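Work through the exercises below with the sequence and the model at hand. Try each task before reading its solution.

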Amino acid sequence: MERENAWKKYTDEQLEELEALSSEYIDFISDNKTERECAASAIELAEAQGYKPLEKAIAKGHKLKTGDKVWAHTHGKALILLHIGSEPLEAGFNILGAHIDSPRLDLKQNPLYESTDFALLDTHYYGGIKKYQWVTLPLAIHGVIAKKDGSVVKVNVGEDISDPVFCISDLLPHLGKDQMAKKASEFIDGEGLDVLIGSRPLVIDENDEGADAEAKKSPVKAYALQLLNEKYGIDEEDFLSAELEIVPAGRARELGLDRSMVLGYGQDDRVCAYTSLVAQLAIKKPKRAALTILVDKEEIGSVGATGMASLFFENTIAEVMELAGEGGPLKLRRALANSKMLSSDVSAGIDPGYANVFEPKNAAYLGRGLVFNKYTGARGKSGSNDSSAEFVAEVRKVMDDAEIAFQTAELGKVDAGGGGTIAYIPAKYDMDVIDSGVAVLSMHAPWEATSKADIYEARRGYEAFLLNA
Ligand code: MN
Ligand code: MN
């Protein structure tokens with residue numbers, strides 16, 4: 001039951017669409033490297049397609065009706081887009097879900113220190129990373145600094161070609177004998193991921209009695225603080241209320257002589273988030289209400305106000321149903337139970353260098369289309385959503401009718417792997433949910449690889465699901 005490589009079937013017109021989508025996708029993931037940046041850009045794209053803020057509709061008591069399009073966000077890090085269809089909401093929503101947080105290094109609250117004439121920033125990594133992959137790469141800082149006066153300063157350094165970049169240094173091989181004998185997991189520890197940001201001291205007159213004693217003791221740190229103050233108007237204490245994320249610097253690129261793939265940061269899971277977003281914005285006149293939810297915190301367990309487990313999802317649907325004249329707890333429960341969802345997250349693509357951890361009949365291949373995982377889970381399906389056979393059949397029909405290239409896969413061999421997604425969380429409302437997504441190589445590495453064909457099939461498959469499930 002081998003699935004065909006999608007590239008074999010494309011017409012010239014489809015290839016043009018595929019290239020246009022890939023190029024927009026490359027721009028999106030290059031310009032948006034944090035959950036906040038992704039949410040803000042998604043809102044901008046949605047507004048351009050006629051989506052209105054739900055907040056405003058609630059404040060003004062605007063009724064919602066067929067054809068209306070609204071967006072809602074929480075904390076600027078999770079987002080819901082909704083397009084109301086011709087059927088009552090109680091009949092259920094067709095939902096696309098994906099996450100917009102990606103593995104990275106977060107600055108600690110008290111990050112800045114000086115050592116051996118260098119200024120460094122201490123980090124606490126976010127999500128599952130192989131720490132050794134993050135050393136000696138050009139790095140950028142993205143994020144926000146919230147000040148006590150209520151203002152929020154945006155930070156983005158390292159992306160513009162004229163910007164400086166940052167890095168985590170590594171030991172030269174000549175002195176690395178002991179280091180090289182370590183296991184990869186111990187090669188560098190979490191506390192070792194400190195980012196180099198400066199080496200030039202503030203010049204202070206030793207005899208100046210008025211000069212800050214701290215600055216005299218740590219002049220390189222003092223110079224870094226002076227630069228931060230000049231550029232952002234912040235002082236050291238403002239790091240306490242900042243969310244600054246260290247990510248690989250530079251743009252995503254086409255990968256391969258044939259330019260068939262994309263190499264970029266944060267494709268887990270922005271490849272599914274972007275294709276879901278574009279599908280949601282493209283649909284016209286849905287029968288069932290179409291909803292896309294992009295969430296934060298998947299990489300650390302979907303917890304918190306902005307993760308999938310937050311009541312943001314349920315609360316937003318309750319607000320929408322009230323404004324659509326279908327308020328009340330029972331109708332809300334029915335709408336949720338009658339909903340259908342593609343919970344989209346990246347799948348591990350089979351890698352020729354590591355084929356032994358995959359079972360080839362049930363592995364995802366780059367280029368063979370949108371991946372469906374009936375179950376994910378680890379070792380004995382533990383923690384898996386395990387979608388029901390009847391729903392899998394329905395999804396197969398929707399995909400086949402729309403001529404979408406798709407494949408089915410597990411995440412690695414039975415006893416090798418598995419992984420969590422957001423699928424089990426909305427499934428608790430008794431809705432049908434299946435894991436789907438795009439296959440990726442080097443998942444969670446600073447630079448991940450995907451196939452343009454899979455991006456294209458995901459975009460088409462998501463649209464088919466919103467309109468026809
Ligand atoms: Mn993911
Ligand atoms: Mn992940």
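**Exercise 1.** How much space lies in the largest cavity?

*Solution.* This is a predicted model: local features need pLDDT of at least 70, side-chain atom pairs count only at pLDDT 80 or more, and totals for chains, interfaces and linings use all residues. Residues are numbered from 1 along each chain as its sequence is written, chains are lettered from A and ligands numbered from 1 in the order in which they are written, and side-chain values use heavy atoms, without hydrogens and water.

Start with the term. On a 1 Å grid over the protein atoms alone, a cavity is a set of points where a 1.4 Å probe fits but cannot get out, and lining residues have an atom within 4 Å of a point. Grid points are joined across faces, edges and corners, and a volume is the space filled by probe spheres set on the points.

Now the value: the largest cavity holds about 40 Å³ of space. Its lining is Met308, Ala309, Ser310, Leu311, Phe313, Ile425, Lys428 and Tyr429.

**Exercise 2.** Sort the lining of each cavity by residue class.

*Solution.* Fix the classes. Ala, Val, Leu, Ile, Met, Phe, Trp, Tyr, Cys and Pro count as nonpolar, Asp, Glu, Lys and Arg as charged, and the others, Gly among them, as polar.

The largest cavity has six nonpolar, one polar and one charged residues in its lining.

Go to the second largest cavity, of about 30 Å³. Thr376, Gly383, Ser384, Asn385, Gly420, Thr421, Ala423, Tyr424 and Asp435 line it. They divide into two nonpolar, six polar and one charged.

**Exercise 3.** Describe the largest pocket.

*Solution.* A pocket is an open set of points with protein on both sides within 12 Å along at least five of seven lines. The largest pocket has a volume of about 970 Å³. It is lined by 37 residues, and Ala348, Leu411, Ser442, Met443 and His444 are the closest to its centre.

Next, the elements. Helices (H or I, at least four residues) and strands (E, at least two) are DSSP runs, numbered from the N terminus. Strands β15 (347-348) and β18 (432-437) are the elements that give two or more residues to this lining.

Classes: 13 nonpolar, 17 polar and seven charged.

**Exercise 4.** Which elements give two or more residues to the lining of the second largest pocket?

*Solution.* The second largest pocket holds about 660 Å³ of space. Of its 25 lining residues, Met1, Asn362, Gln407, Thr408 and Ala409 are the closest to the centre. The elements are β16 (370-373), α10 (389-401) and β17 (406-408). Helix α10 gives the largest share, six residues.

**Exercise 5.** How do α7 and α10 each lie against α12?

*Solution.* Axes are lines fitted to C-alpha atoms, for helices over the stretch in contact, and angles run from 0 to 180 degrees between N-to-C directions. Angles under 35 degrees count as roughly parallel, over 145 as roughly antiparallel, 65 to 115 as roughly perpendicular and the rest as oblique.

Take α7 (residues 267-282) and α12 (residues 452-468). Their axes come within 8 Å and cross at roughly 45°. The two helices are therefore oblique to each other.

Take α10 and α12. Their axes come within 9 Å and cross at roughly 115°, so they are roughly perpendicular to each other.

**Exercise 6.** Where is the residue with a positive phi of about 55° that is not a glycine?

*Solution.* The residue is Glu403. Look in the loop between α10 and β17.
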